[in-house]
Amino acid sequence: MNRLALPALVLAGLVLAGCQSSLSGDTYSRDQARREMSVRMGTVEAVRAVTIEGTKSHVGTASGAAIGGLAGGRGSTAGAIAGAVVGGVAGALIEEGATRRSGQEITIRLDSGNVIAVVQEGDEKFNPGDRVKLVGSSGNTRVSRY
């Protein structure tokens with residue numbers, strides 16, 4: 001059973017990675033479709049590479065603890081407890097690492113004169129001086145070329 005614990009944890013992490021929604025400027029969630037959003041225009045002042053943390057939903061912790069408890073508990077209560085603790089920690093780390101994304105912080109001077117920064121995945125590259133469109137509602141803003 002111990003030989004199955006690590007592959008099972010890795011598989012759980014990969015499944016969790018597939019469940020995370022995109023933080024790209026090109027992706028809309030289902031509830032954002034067919035909703036009115038405000039549009040603002042501006043000019044990029046600076047772009048900085050950032051890391052967007054992975055999810056910490058406790059699913060990885062619970063999955064890892066269950067698998068670790070089973071793997072460590074073959075005939076020993078202490079082994080099951082130790083396996084659950086180690087598996088829980090490993091599962092949490094796998095979940096966070098598998099869902100971590102590269103992103104960019106885009107600093108924009110709006111046509112109104114205000115300066116804002118938006119963080120999103122780095123799928124579309126921006127440079128200082130680029131004209132951009134900001135689309136958003138309910139505190140959710142995305143940046144795209146204009």
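## Exercises on a five-stranded sheet

Ser-102 touches Val-50, Glu-121 and Gly-122, not counting residues up to four places away in sequence. The model is predicted. The exercises start from this residue and work outwards.

**Exercise 1.** Decide whether Ser-102 is buried or exposed.

*Solution.*
- Step 1. Place the residue. Ser-102 lies in strand β2, which covers residues 101-110.
- Step 2. Take its relative accessible area, which is 61%.
- Step 3. Compare with the cut-off. Exposed means over 50%. Ser-102 is therefore exposed, at 61%.
- Step 4. Look along the chain. Ser-102 and Ile-52 are 50 residues apart in sequence, but their C-alpha atoms are separated by 6.0 Å.

**Exercise 2.** Decide whether Gln-104 is buried or exposed, and find which backbone atom its side chain meets.

*Solution.*
- Step 1. Gln-104 is also part of strand β2.
- Step 2. Its relative accessibility is 4%. Buried means under 20%, so Gln-104 counts as buried.
- Step 3. List its contacts, leaving out residues up to four places away in sequence. They include Val-47, Val-50, Val-118, Gln-120 and Phe-126.
- Step 4. Check the polar side chain. One of its polar atoms lies 2.5 Å from the backbone oxygen of Glu-124.
- Step 5. Follow that partner. Glu-124 is in the loop between β3 and β4. With a relative accessibility of 17%, Glu-124 counts as buried.
- Step 6. Go one link further. A polar atom of the Glu-124 side chain lies 3.2 Å from the backbone nitrogen of Arg-145.

**Exercise 3.** Work out the order of the strands in the sheet, and say which strands stand at its edges.

*Solution.*
- Step 1. Count the elements. The chain has three helices and five strands. Along the sequence they follow the pattern α-β-α-α-β-β-β-β.
- Step 2. Start with β2 and β3. Seven bridges join these antiparallel strands. One bridge pairs Gln-104 with Gln-120 in β3.
- Step 3. Add β1. Ten bridges link β1 and β2 in the antiparallel sense.
- Step 4. Add β4. β1, residues 38-52, pairs with β4 over six bridges, again antiparallel.
- Step 5. Add β5. β4 and β5 (residues 140-145) run antiparallel and share six bridges. Lys-133 has Ser-144 as its bridge partner in β5.
- Step 6. Read off the order. The sheet is open and runs β3-β2-β1-β4-β5. β3 and β5 are at the edges, since each has a single partner strand. One side of each is therefore left without a neighbour in the sheet.
- Step 7. Add the twist. From one strand to the next it averages 45 degrees.

**Exercise 4.** Find the bridge partners of Thr-43 in β2 and in β4.

*Solution.*
- Step 1. Look towards β2. There, Thr-43 has Arg-109 as its partner.
- Step 2. Look towards β4. There, Thr-43 is bridged to Arg-131.
- Step 3. Put this beside the strand order. β1 stands between β2 and β4 in the sheet.

**Exercise 5.** Compare the hairpin of β2 and β3 with that of β4 and β5.

*Solution.*
- Step 1. Take β2 and β3. Four residues lie between these strands, and Gly-113 has a positive phi near 105 degrees.
- Step 2. Take β4 and β5. Here two residues lie between the strands, and Ser-138 in the turn has a positive phi of about 55 degrees.

**Exercise 6.** Identify the residues of the largest nonpolar core, and the strand that gives the most to it.

*Solution.*
- Step 1. Name the members. The nine residues are Val-44, Ile-106, Ile-108, Leu-110, Val-118, Phe-126, Val-132, Leu-134 and Val-143.
- Step 2. Sort by element. β2 and β4 (131-137) each supply two or more. β2 gives the most, with three.
- Step 3. Take one member as an example. Beyond its neighbours within four places in sequence, Val-118 contacts Gln-104, Glu-105, Ile-106, Leu-134, Thr-141 and Val-143.
- Step 4. Set this in context. In soluble globular proteins, nonpolar side chains tend to be buried together.

**Exercise 7.** Find where in the chain confidence is lowest and where it is highest.

*Solution.*
- Step 1. Start with the whole chain. Its mean pLDDT is 74, and 46% of its residues reach 70 or more.
- Step 2. Compare elements. Helix α1 (residues 2-19) is lowest, at a mean of 53, while β1 is highest, at 94.
- Step 3. Draw the lesson. Where pLDDT is low, the predicted coordinates should not be read in detail.

Methods
Residues are numbered from 1 along each chain as its sequence is written. This is a predicted model: local features need pLDDT of at least 70, side-chain atom pairs count only at pLDDT 80 or more; totals for chains, interfaces and linings use all residues. Side-chain values use heavy atoms; hydrogens and water are left out. Buried means under 20% relative accessible area, exposed over 50%, partly exposed in between (1.4 Å probe, protein chains only). Contact means heavy atoms within 4.5 Å. A polar contact is a pair of N or O atoms within 3.5 Å; within protein, one must be able to donate a hydrogen and the other to accept it, and residues adjacent in sequence count only if both atoms are side-chain atoms. A nonpolar core is a set of buried Ala, Val, Leu, Ile, Met, Phe, Trp, Tyr and Cys residues joined through side-chain atoms within 4.5 Å. Two strands pair if DSSP finds at least two bridges between them. pLDDT is the predictor's confidence in each residue, from 0 to 100. Axes are lines fitted to C-alpha atoms, for helices over the stretch in contact, and angles run from 0 to 180 degrees between N-to-C directions.
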